[in-house]
Protein chains: 2
Amino acid sequence: MLNTSQNRLSTGQLRQIKEFAKEMADTGINFFVYDTDLNLILNFSGEKFISDYESSAGCAKQVLDSQTGAIQELEAGSQFLACCLIVDGTTAAIIVIDCGPGSQTVSFVKQTLHIFVRSFQNDVKNSQQIELISSELAQTYEELMLLYKMSTNMKVSQSDLNFLQLACDSLMDIVRVEGIAIFLEKKNEDARKLVLSAGTGLISIDHKNDNMGEVLFERMLDVLASGSDALIDSEINGVFKYEWHGRIRNIIAVPLSSSNKVIGMMIATNLLDRSDFDTNDIRLFNAVATECAIFIGNQNHFRDLKELLIGSLKALVNSIDAKDQYTRGHSDRVAIISKWIAELYAKTKKISQEDIQKIYLSGLLHDIGKIGVSELVLKKPGKLTEEEYEEMKNHPAIGAGILSEIQQMTDILPGILHHHERFDGKGYPKGLAENNIPLMGRIVMIADSFDAMTSERTYRKALGVEDAIKEIEVNLGKQFDPIIGQIFVRSDIDKLWEILQTGQNRDQYGENSIDYGTAAIGALLD
Amino acid sequence: MLNTSQNRLSTGQLRQIKEFAKEMADTGINFFVYDTDLNLILNFSGEKFISDYESSAGCAKQVLDSQTGAIQELEAGSQFLACCLIVDGTTAAIIVIDCGPGSQTVSFVKQTLHIFVRSFQNDVKNSQQIELISSELAQTYEELMLLYKMSTNMKVSQSDLNFLQLACDSLMDIVRVEGIAIFLEKKNEDARKLVLSAGTGLISIDHKNDNMGEVLFERMLDVLASGSDALIDSEINGVFKYEWHGRIRNIIAVPLSSSNKVIGMMIATNLLDRSDFDTNDIRLFNAVATECAIFIGNQNHFRDLKELLIGSLKALVNSIDAKDQYTRGHSDRVAIISKWIAELYAKTKKISQEDIQKIYLSGLLHDIGKIGVSELVLKKPGKLTEEEYEEMKNHPAIGAGILSEIQQMTDILPGILHHHERFDGKGYPKGLAENNIPLMGRIVMIADSFDAMTSERTYRKALGVEDAIKEIEVNLGKQFDPIIGQIFVRSDIDKLWEILQTGQNRDQYGENSIDYGTAAIGALLD
């Protein structure tokens with residue numbers, strides 16, 4: 001009797017109709033429900049008389065054709081009442097009641113049916129409203145969680161790319177699109193360039209080959225200038241506003257802007273469950289993009305400050321090195337060699353990237369105490385007297401003293417104070433031996449010596465690289481830590497030499513030589 | 001006929017009943033609706049017979065006493081049907097239908113009334129659900145907007161106190177409480193201290209007098225340690241868990257925590273529209289408090305870095321000053337005097353706080369170029385030869401050269417390059433005159449000279465303050481800018497002298513002398 005394949009009634013609605021039909025049948029009428037293909041889907045008999053099914057179906061057809069929710073009285077050998085049940089503006093089912101021939105109760109039945117239909121329609125409306133608000137609630141809640149998750153990840157110590165990727169991934173969880181991507185403007189010496197910085201899914205714009213990112217960015221800026229909050233384009237009305245290649249069905253682009261400065265854009269292409277982006281999407285994408293922009297603004301601010309600091313420190317050590325033409329560039333090179341050794345050592349022992357960065361910085365600042373040594377001693381050609389040598393030997397302690405005033409420098413002091421300790425205990429200032437010498441000191445000792453040997457001095461020519469390496473090998477266990485020294489002499493010294501000569505290692509330092517130092521500064525902060 | 005004072009029906013519900021009553025009356029019955037005080041609030045007559053109002057009211061009383069929604073058939077000279085309409089679990093109105101004496105249609109009327117009552121109750125339930133979800137939606141949306149507003153204010157360049165105040169104010173807009181406050185832990189040399197850092201409304205805990213903040217903080221930490229997300233206490237069950245003074249009716253405290261470190265707490269007291277804080281409040285307060293903690297974490301990170309930088313710069317200039325016992329502390333003092341002059345000048349001309357901070361920094365770094373001047377010249381007792389003097393005159397250009405490598409230092413270079421230009425054009429290195437000399441240069445020139453005159457030199461005793469001031473007065477328009485010089489000589493030099501001697505000005509620099517410098521570093525970043 002039940003055929004649900006065609007009807008569009010919910011289980012709850014069907015249950016409601018069934019309940020009503022039973023109660024009505026109890027009053028003695030026969031009750032029929034048809035789907036829109038005029039299949040009988042419910043049938044309750046009052047068992048007072050037998051209905052003519054054909055007449056009943058005929059009534060159903062008649063009201064279905066009229067497509068109104070009003071109750072119609074029909075005479076077909078018996079007194080029929082019939083009406084459509086409307087769901088979402090179209091008929092979902094047809095009720096036919098056979099009151100029997102010459103019935104006295106038609107007006108009552110009609111009245112009751114009328115009340116039921118009104119109640120039913122009201123219920124449909126309410127359910128739809130509940131469904132709508134519930135789905136809005138769910139979506140708002142999802143957005144709330146998304147923005148909250150983003151904001152708890154806005155620590156400046158977090159990496160840029162992780163944050164942007166989190167933004168794309170999280171948004172993808174909420175909005176069903178093929179792909180989401182973030183492009184950032186990078187300043188170059190000569191021009192600005194748009195760089196794809198994070199993305200999820202399939203981004204249907206070809207930035208690499210046809211520079212589509214730049215084109216899209218310009219289009220978005222135009223749209224923003226005209227007062228809109230986003231560029232939205234689709235073929236929903238048959239034509240795109242802009243020309244896109246074939247893969248694009250619809251697209252949204254919003255700015256990453258902070259303090260009214262546009263620093264990039266977030267885009268999404270090809271909705272999977274809807275035909276066009278709407279105002280909700282504009283609001284959500286803008287909110288996430290703004291959080292990204294704020295985060296990047298903070299990161300840039302922070303990076304600027306770190307650059308300023310590493311720049312100041314380099315300027316300082318360069319000025320000290322420059323006092324003696326023979327040590328020009330020495331501190332920078334010792335920093336690079338110290339880092340080189342620390343990275344090799346990290347392959348055998350557990351030391352962190354932060355430790356390596358601190359070793360780099362202690363290499364950079366190891367001779368800072370020379371600012372307190374008189375020039376007569378520093379620049380003296382030839383051998384120092386006993387007294388002059390004693391003054392020279394003060395520089396590690398002076399350097400550590402200067403930096404000990406700065407709380408954040410605490411971790412790199414060992415490399416500065418102990419870079420003249422010898423492994424056999426015959427060094428200065430403390431005469432520490434073997435593993436009593438802090439690791440930083442043992443590493444900077446080797447780096448400092450290698451650079452000194454391979455540089456020209458007033459009293460001798462520079463040693464060749466091979467001779468310097470031999471000299472270190474001979475002194476393993478005496479001047480130098482034998483394990484770390486071995487690691488160094490067995491490393492790819494030619495590669496190191498190239499880095500020292502060109503001043504930078506593009507593989508490792510990224511775009512410019514200040515980058516590693518800038519990152520290293522971060523290690524001084526907890 | 002209508003008396004709404006007692007009934008708890010909504011306008012919509014009343015309209016629904018009225019509509020039904022009219023339709024039913026059209027079938028020939030008489031329809032009555034009573035409120036719960038048994039006042040007749042609706043009355044529709046089918047005009048077929050006249051009802052006995054007392055019998056009708058009696059039926060109403062009878063079903064009201066029974067308190068069920070079931071339809072009762074009552075015989076009181078006429079055939080009555082009566083039932084209660086239940087809203088929120090209690091009777092809101094009573095329907096009484098008089099079918100007339102010996103009516104044949106009672107069972108139909110009863111059936112129709114039954115369907116109406118079911119539909120009515122269903123509607124009440126639906127409306128309540130819609131209302132509930134709608135209010136949840138509104139609240140979630142408000143929370144979304146709040147968290148979003150907070151996150152767009154998470155720029156590190158924003159001040160701490162503004163952000164925390166925004167958090168309190170915004171939360172107060174959503175949650176109806178008497179007051180909200182944020183306490184932060186401040187590290188002191190010897191101990192940790194809880195400081196009231198932002199607040200809105202009336203906070204009912206007396207932190208100043210009875211240290212209630214600390215007590216509350218400890219209680220909150222205990223509760224967190226036991227796995228809860230918040231401390232909540234109220235007398236909702238008659239007794240508080242903790243002892244509070246009389247003003248507290250209920251209280252919530254959540255931690256400001258970032259990376260599992262609790263750095264403070266957010267509290268709210270005395271809900272105005274509810275009796276106790278609930279899980280929604282816990283979630284919302286925790287979300288806002290977490291955003292505050294992240295923001296403060298970023299700020300601290302940023303401040304640490306600025307401190308590190310100003311510390312490094314001060315260590316550098318101190319080392320340079322220390323090479324000559326007669327210039328010890330000179331750069332620090334010139335920075336303070338330059339700031340002093342700039343602040344006085346700011347009262348007459350429009351220069352910003354950032355400009356003053358840059359002038360302070362250029363005062364601090366003005367002699368940095370002396371690192372490139374030989375010690376023989378720097379420390380020479382007595383008059384310099386022509387050649388030595390020429391070398392000495394290089395230091396402004398050397399200093400500017402060193403710092404010009406650092407992009408963020410650009411703005412302070414004029415103070416370094418031009419601090420030896422004379423107003424009459426007879427200075428160096430450029431021989432600029434009058435307003436062609438950058439303002440920074442003119443200010444640092446006065447500050448530098450005043451400190452030099454009041455300090456002992458190898459070749460002369462220190463001048464007294466009054467003599468130095470006279471010397472500057474005599475040279476207004478010659479060595480010094482006459483307007484800025486006038487402003488300086490007329491200022492409260494005794495006060496300045498006190499600042500220079502004690503090394504700090506508690507009124508202006510806040511808690512310690514590094515604070516102003518740390519803030520000043522911020523001016524170098526855009």
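The largest cavity in this predicted model has a volume of about 60 Å³. A search of the whole structure turns up 6 cavities of 30 Å³ or more. Chains A and B also share an interface that buries about 6,900 Å² between them, and a few backbone oddities sit in the loops between α13 and α14.

**The largest cavity**

- Residues from both chains line the largest cavity: chain A brings S312(A), A315(A), L316(A) and S319(A), while chain B brings L313(B), L316(B), I368(B), I371(B), I402(B) and L403(B).
- Three elements give two or more residues each to this lining, namely α7 (279-322) of chain A plus α7 (279-322) and α12 (395-404) of chain B.
- The top contributor is α7(A), with 4 residues.
- Sorted by class, the lining comes out as 8 nonpolar and 2 polar residues, with no charged ones.

**The A/B interface: area and contacts**

- Each side puts 76 residues into the contact, 76 from chain A and 76 from chain B.
- Of the roughly 6,900 Å² buried between the two chains, 67% is on carbon and sulfur atoms.
- On the chain A side, F108(A), H301(A) and L308(A) lose the most area to chain B, and together they account for 10% of what that side buries.
- As for polar links, the rule picks out 27 residue pairs in polar contact across the interface, with both residues at pLDDT 80 or more.
- There are also 4 salt bridges between chain A and chain B.
- One salt bridge pairs R118(B) with E23(A), whose closest N and O atoms are 2.8 Å apart.

**The A/B interface: what chain A supplies**

- On chain A, α1 (11-26), α3 (106-152) and α7 each supply at least two residues of the side that touches chain B.
- The largest share of that side, 27 residues, comes from α3(A).
- By class, the chain A side that touches chain B splits into 34 nonpolar, 27 polar and 15 charged residues.

**Backbone spots worth a look**

- In chain A, the peptide bond from Y428(A) to P429(A) is cis, with omega near 5°.
- P429(A) lies in the loop between α13 (413-417) and α14 (439-453) of chain A.
- Chain B has a cis peptide bond joining Y428(B) and P429(B), with omega about 5°.
- P429(B) is in the loop between α13 (413-417) and α14 (439-453) of chain B.
- E434(A) isn't a glycine, yet it has a positive phi of about 45°.
- You'll find E434(A) in the loop between α13 and α14 of chain A.

Notes
Residues numbered from 1 in each chain as written. Chains lettered and ligands numbered in written order. Predicted model: local features only at pLDDT ≥ 70, side-chain atom pairs only at ≥ 80, totals over all residues. Heavy atoms only, no water. 1 Å grid on protein atoms, 1.4 Å probe; cavity = no way out; pocket = protein on both sides within 12 Å on 5 of 7 lines; lining within 4 Å. Points joined across faces, edges and corners; volume = space filled by probe spheres on them. Nonpolar A, V, L, I, M, F, W, Y, C, P; charged D, E, K, R; others polar. Contact = heavy atoms within 4.5 Å. Buried area = accessible area lost by both parts, 1.4 Å probe. Salt bridge = Lys/Arg side-chain N within 4 Å of Asp/Glu carboxyl O. Polar contact = N/O pair within 3.5 Å; in protein donor to acceptor, adjacent residues only side chain to side chain.
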